[in-house]
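Reader: I've got a model open and I'd like to learn how to read its surface and its rings. Can you walk me through it?

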Amino acid sequence: MASKLLQLQSKAFEASKFVANNGSAYYKQLLEQNKQYIQEPPTVEKCNELSKQLFYTRLASIPGRTESFWKELDYVKNLWKNRKELKVANAGIAALFGLECFAWFCAGEIVGRGFTFTGYYV
């Protein structure tokens, strides 16, 4: 156990040394590549304005998203009505998609429990 702790400490030391040596260069490069997105002057008022713009833009997009949702729901209803005409390949793809969603749900549950299969830590 002590050897694992020493390995972890040495890896953490190497990582922090790498960040100390290369972090500022990466930061400057990242800002330079994305300077078109930076708002000047960087004030609290400008940040508040941008957050309000994001909020109200998302709020304005709700009608379009609900319309898309109802179209998708109508498509699924239509498929269900005409299920006798449904091809086996399409049904298989739908079943695999459902299985994939369930697998991601299970993986999320395991991660949420702290990577245990038996249950939550209390």
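Author: Sure, patches come first. They are made of residues with over 30% relative accessible area and no salt bridge, where like charges are joined within 9 Å and nonpolar side chains (Val, Leu, Ile, Met, Phe, Trp, Tyr) within 5 Å. A salt bridge here is a side-chain nitrogen of Lys or Arg within 4 Å of a carboxyl oxygen of Asp or Glu. Accessible areas come from the Shrake-Rupley method with a 1.4 Å probe, and for residues only the protein chains shown count as cover.

One caveat: this is a predicted model, so local features need pLDDT of at least 70 and side-chain atom pairs pLDDT 80 or more, while totals for chains, interfaces and linings use all residues. Numbering runs from 1 along each chain as its sequence is written, and side-chain values use heavy atoms, leaving out hydrogens and water.

Reader: Which residues make the nonpolar surface patch?

Author: Phe 55, Tyr 56, Leu 59 and Ile 62, together covering about 410 Å².

Reader: And how do I read a pair of rings?

Author: An aromatic pair is described by the distance of the centres and the angle of the planes. Rings of Phe, Tyr and Trp (its six-membered ring) pair with centres within 6.5 Å; planes under 30 degrees apart are stacked, over 60 edge-to-face, the rest tilted. That gives three aromatic pairs here. One of them, Phe 55 with Tyr 56, is edge-to-face, at 4.9 Å centre to centre and 80 degrees between the planes.

Reader: What about a charge over a ring?

Author: Look for NZ of Lys or CZ of Arg within 6 Å of the ring centre and within 35 degrees of the ring normal. Arg 83 has its charged end over the ring of Trp 80, 4.5 Å from the centre.
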